[in-house]
Amino acid sequence: LGGGVIGLSVALALLRAGRGVTVLEQGSAGGAASHGNCGTITPSHLPLHAPGTLAKGLKWMFKADAPLRIRPSLDPALIGWLLRFARRCNARDFLATARVKATLLQASRSRLESLIADEGLACEFERSGTLYVYRDPASFERAASDAALLPELGIRCDTLSGDAVRAMEPALNGSVVGAHFHPGDARLRPNAYAAELARVVRAAGGVIEEGCRITGIASAGGRIAHVDTSQGRRTGQDIVLALGAWSPLLGRQLGLNIPIQPGKGYSITYTRPALAPVTPMVLKERSVCVTSWGSGYRLGSTMEFAGYDTTLNRVRLDALVRGAAEYLHEPVGPTVEEEWYGWRPMTPDDLPILGRSSSLANLTLATGHGMLGVSLSAITGQLIAEQMTGRAPSLDLAPYSPERF
C-alpha cells in the first residue's frame with residue numbers, strides 16, 4: 001500500500017527475493033512526498049528532537065514564515081504527538097537516537113549506491129557531500145558540538161572557514177562565516193529516482209496500480225482480509241503499509257495507533273542559474289536546502305505542522321527565496337518550473353516504523369521515515385524483504401518496531 005520511494009523500494013526488494021508484488025498507489029508512482037524534496041542522501045542528518053527544538057517551535061507558532069512552525073490547533077492527535085516529542089527533546093534521548101539512526105543511515109547510503117549501479121537507475125546520483133552553511137558566528141560556534149558528535153558516530157565532518165567554503169563554492173556570497181562539510185553524503189534527483197524504481201519494479205514483473213485510492217480495509221481472524229479501492233477489492237497473502245503521512249488514517253480502520261504527524265515541506269524548482277552551487281547545502285539559519293542537478297535547481301525544506309493542509313502557502317514559499325538570497329549570489333534560476341509541497345511522515349522519536357504488526361499476522365509496516373525517505377529507502381526495502389522472506393536481518397529491527405509506542 002503506497003507507491004512512493006519506500007513502497008517501491010520494498011516492492012523491488014521483494015521481487016528480487018522471488019515474491020509477487022502489486023503496489024496500490026492513489027496518485028502516480030513517486031508523485032507525493034517522494035517527488036519534490038531536495039534529493040540529498042544524508043548519513044550526517046541528526047535527530048530533530050535536539051534540546052530546545054520544541055521551544056523554538058512554540059516561540060515561532062505565530063510566525064508564518066518560521067523555519068519550524070506549529071500551527072495553533074486543538075487536534076488531540078497533534079497535541080499527543082507533541083507531548084511525546086517534547087519528552088525526547090533532551091541530550092540523553094537525542095544522543096541515543098543519533099546512534100541508532102546513524103547506523104541505519106550509513107547502511108542505507110552504502111546499499112543505495114549499490115542499488116543504483118546494479119539496477120541501472122538513471123537518477124543523477126553523485127557522491128557530492130553536503131554543506132551546512134552559516135552566516136551568524138554565534139550559530140556556527142553553537143553547531144560545533146554537532147560537528148564533533150558526527151565523527152563519534154562514524155561520519156566524517158570537516159569544519160571550513162568562510163574563505164575556505166567560498167573557495168569551494170563561489171556561489172556563496174561574502175556574508176558566510178563558515179560551514180561544515182560532510183563528504184560521505186550524496187545527492188540524486190528524487191522524481192527521477194522514483195520513476196526509475198517504478199520502471200524496474202514493472203520490468204521485474206511487479207504490478208503498479210496508479211490512481212487506485214484505498215477506500216476501506218477489513219480484518220478477520222487476526223489477519224487483513226481485503227483492501228477496498230476505487231478500482232475494486234484487492235487481496236494478498238501479505239500486506240505492506242507504506243503510506244507515509246497517510247499511514248495513521250488507514251491504521252485507525254484497523255485499530256492501530258500509528259503516531260505519525262504530517263510535517264509539511266515546500267520546494268521551488270527552477271532552471272539552473274548561471275552560478276549554481278556544485279555541492280548540495282543547507283543554509284542553516286534559514287533552514288533552506290539548495291540542490292543543483294544537471295537538469296535543474298531546487299530550493300526546499302522548512303517544517304510546518306498544520307495537519308493535512310492542502311494549500312500551497314505563498315508565505316512559506318517566499319521565505320525559501322528570501323533565505324537563499326542572504327547566502328547566494330544567484331539565489332534563484334531564470335525560470336520557475338514547479339512550486340510544490342509534500343507531507344513528511346514524522347514520528348515523535350524521529351525513527352521509522354519497520355516490522356510486523358503484533359495484532360495482524362499478515363501486516364508489515366514500512367513508514368514514518370520523516371525527512372529521510374529517500375536516504376532510508378534502500379535499507380528499508382532490504383530489511384522488510386529479509387523479514388518477510390525469513391532471512392536473517394542485516395540490522396536489528398528492534399529500535400524501529402511498531403510495538404515501541
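In the predicted model, lysine 284 lies over the face of tyrosine 132, at 4.4 Å from the ring centre, and arginine 135 is placed likewise over the face of tyrosine 327, at 5.6 Å from the ring centre; a charge is taken to sit over a ring if NZ of Lys or CZ of Arg is within 6 Å of the ring centre and within 35 degrees of the ring normal. Because the model is predicted, local features need pLDDT of at least 70 and side-chain atom pairs count only at pLDDT 80 or more, while totals for chains, interfaces and linings use all residues. Residues are numbered from 1 along each chain as its sequence is written, and side-chain values use heavy atoms, with hydrogens and water left out.

A search of the whole structure finds seven aromatic pairs, a pair being rings of Phe, Tyr and Trp (its six-membered ring) whose centres lie within 6.5 Å, with planes under 30 degrees apart counted as stacked, over 60 as edge-to-face and the rest as tilted. The ring centres of tyrosine 308 and tryptophan 343 are 5.2 Å apart and their planes stand at 90 degrees, so this pair is edge-to-face. Tyrosine 308 lies in the loop between strand S16 (296-305) and helix H10 (314-325), whereas tryptophan 343 belongs to strand S17 (residues 336-346), 35 residues apart; helices (H or I, at least four residues) and strands (E, at least two) are DSSP runs numbered from the N terminus. Tyrosine 308 is partly exposed, with a relative accessible area of 30%, but tryptophan 343 is buried at 9%, where buried means under 20% relative accessible area, exposed over 50% and partly exposed in between (1.4 Å probe, protein chains only). Trp246, Tyr308, Tyr341 and Trp343 form one aromatic cluster.

The largest nonpolar core (buried Ala, Val, Leu, Ile, Met, Phe, Trp, Tyr and Cys residues joined through side-chain atoms within 4.5 Å) has 46 residues, of which Leu121, Leu188, Tyr193 and Leu197 touch the most other members. Helices H1 (5-16), H4 (91-119), H8 (190-203) and H11 (373-388) each supply at least two residues of this core, and the largest share, nine residues, comes from H1. Apart from this core lies another, of 24 residues, among them Phe181, Ile268, Met281 and Leu283.

Strands S9, S10 and S11 form an open sheet in that order, with antiparallel pairing; two strands pair if DSSP finds at least two bridges between them. Strand S9 (214-220) and strand S11 (232-234) stand at the edges with a single partner strand each, so one side of each is left without a neighbour in the sheet. S9 and strand S10 (residues 223-229) pair over six bridges.
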